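Here is a quick walk through one protein model, written for someone who likes distances and angles. Have the viewer open while you read.

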Amino acid sequence: MPIGPREIMRDLRAALGGSLVHNVGERNAVQKALYIGVITVIVLTVLSGLSIWKPVQFQELTAVFGGYDAARYVHFFCMAAIVLFVVVHVTLTALVPKVLPPMITGRSRRWR
């Protein structure tokens with residue numbers, strides 16, 4: 001794994017304490033963990049969505065989720081997690097506006 005629990009806890013403590021140094025274009029351990037997490041949640045959302053969209057055609061997949069009703073719950077909570085991720089992401093971007101131009105252009109620019 002590219003990040004360890006020690007690094008995540010260190011950066012999380014620094015972020016909650018307001019002392020996390022943010023360099024544009026660099027990701028800290030918490031950001032890396034959250035991006036890995038949201039990618040996992042997106043995959044689960046697609047798979048659970050398939051199992052509730054076509055439960056007969058994807059019987060095995062639906063069974064992996066514990067049945068149709070369980071797949072619906074998984075899908076709902078995964079969608080809620082994605083919405084929460086987007087809300088937090090947009091909020092943090094609004095709080096640190098210097099990160100917006102590199103997000104749009106894809107490259108870091110030195111501000112004078």
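What follows covers confidence, ring contacts, salt bridges, a surface patch and a few spacings along the chain.

**Confidence**

Keep in mind that this is a predicted model. The protein chain has a mean pLDDT of 87, with 93% of its residues at 70 or more. Sorted by element, the lowest mean pLDDT belongs to helix H5 (residues 100-105), at 77. At the other end sits helix H3 (residues 59-64), which has the highest mean, 97. As a general caution, predicted coordinates should not be read in detail where pLDDT is low.

**Rings**

How many aromatic pairs does the structure hold? There are two. One of them brings together Tyr35 and Phe85, edge-to-face, with 5.8 Å from centre to centre and 70 degrees between the planes. This pair links distant parts of the chain: Tyr35 belongs to helix H2 (residues 29-53) and Phe85 to helix H4 (residues 68-95), 50 residues apart. Are these two rings buried or exposed? Neither label fits: Tyr35 has a relative accessible area of 30%, so it is partly exposed. Phe85 comes out at 23%, and is partly exposed too. The cut-off for buried is under 20%, so Phe85 at 23% does not qualify.

Then there is the pairing of Phe76 with Phe77. Their ring centres are 5.3 Å apart and the planes stand at 75 degrees, so this pair is edge-to-face. Angles over 60 degrees count as edge-to-face, which is why 75 degrees earns that name. Both Phe76 and Phe77 are exposed.

A ring also turns up in a contact with a charged residue. Lys54 lies over the face of Trp53, at 5.0 Å from the ring centre. You'll find Lys54 in the loop between H2 and H3, and with 30% relative accessibility Lys54 counts as partly exposed.

**Salt bridges**

Searching the whole structure turns up two salt bridges. Here they are side by side.

| Salt bridge | Closest N to O | Relative accessible area |
|---|---|---|
| Arg10 and Asp11 | 3.3 Å | Arg10 48%, Asp11 9% |
| Asp69 and Arg72 | 3.7 Å | Asp69 48%, Arg72 45% |

In the bridge between Arg10 and Asp11, Arg10 is partly exposed, whereas Asp11 is buried. In the bridge between Asp69 and Arg72, Asp69 is partly exposed, and Arg72 is partly exposed as well. Which helix holds Asp69 and Arg72, and how are they spaced? Both are in helix H4, and because they are three residues apart there, about one helical turn separates them.

**A nonpolar patch**

Now for the surface. Leu84, Val88, Leu92, Leu95 and Val96 make up a nonpolar patch, and together they offer about 460 Å² of accessible area. One of its members, Leu84, lies in helix H4. Leu84 reaches 55% relative accessibility, so it counts as exposed. The line for exposed is drawn at over 50%, which means Leu84 at 55% passes.

Next along the sequence is Phe85, likewise found in helix H4 and, as noted, partly exposed at 23%.

**Spacing along the chain**

A few C-alpha distances help with orientation, so to speak, when set against separation in sequence. Phe85 and Gly37 are 48 residues apart along the chain, with 9.9 Å between their C-alpha atoms. Leu12, in helix H1, is 19 residues from Gln31, and their C-alpha atoms are separated by 9.6 Å. Leu12 has a relative accessible area of 32%, so it is partly exposed.

Two further pairs give these values. Val21 sits in the loop between helix H1 (5-16) and H2, and is exposed, with a relative accessible area of 64%. How many ångströms lie between Val21 and Ser48, which are 27 residues apart in sequence? The C-alpha to C-alpha figure is 38 Å. Lys54, the residue over the Trp53 ring, is 32 residues from Val86 in sequence and 28 Å from Val86 in space, again C-alpha to C-alpha.

Methods:
Residues numbered from 1 in each chain as written. Predicted model: local features only at pLDDT ≥ 70, side-chain atom pairs only at ≥ 80, totals over all residues. Heavy atoms only, no water. pLDDT = per-residue confidence, 0-100. Helix = DSSP H or I, 4+ residues; strand = E, 2+ residues; numbered from the N terminus. Phe/Tyr/Trp six-rings, centres within 6.5 Å; stacked < 30°, edge-to-face > 60°. Buried < 20%, exposed > 50% of the residue type's maximum accessible area, 1.4 Å probe, protein only. Lys NZ or Arg CZ within 6 Å of the ring centre and 35° of its normal. Patch = residues over 30% accessible without salt bridge, like charges linked within 9 Å, V, L, I, M, F, W, Y side chains within 5 Å. Areas by Shrake-Rupley, 256 points an atom, 1.4 Å probe, with all protein chains shown as cover. Salt bridge = Lys/Arg side-chain N within 4 Å of Asp/Glu carboxyl O.
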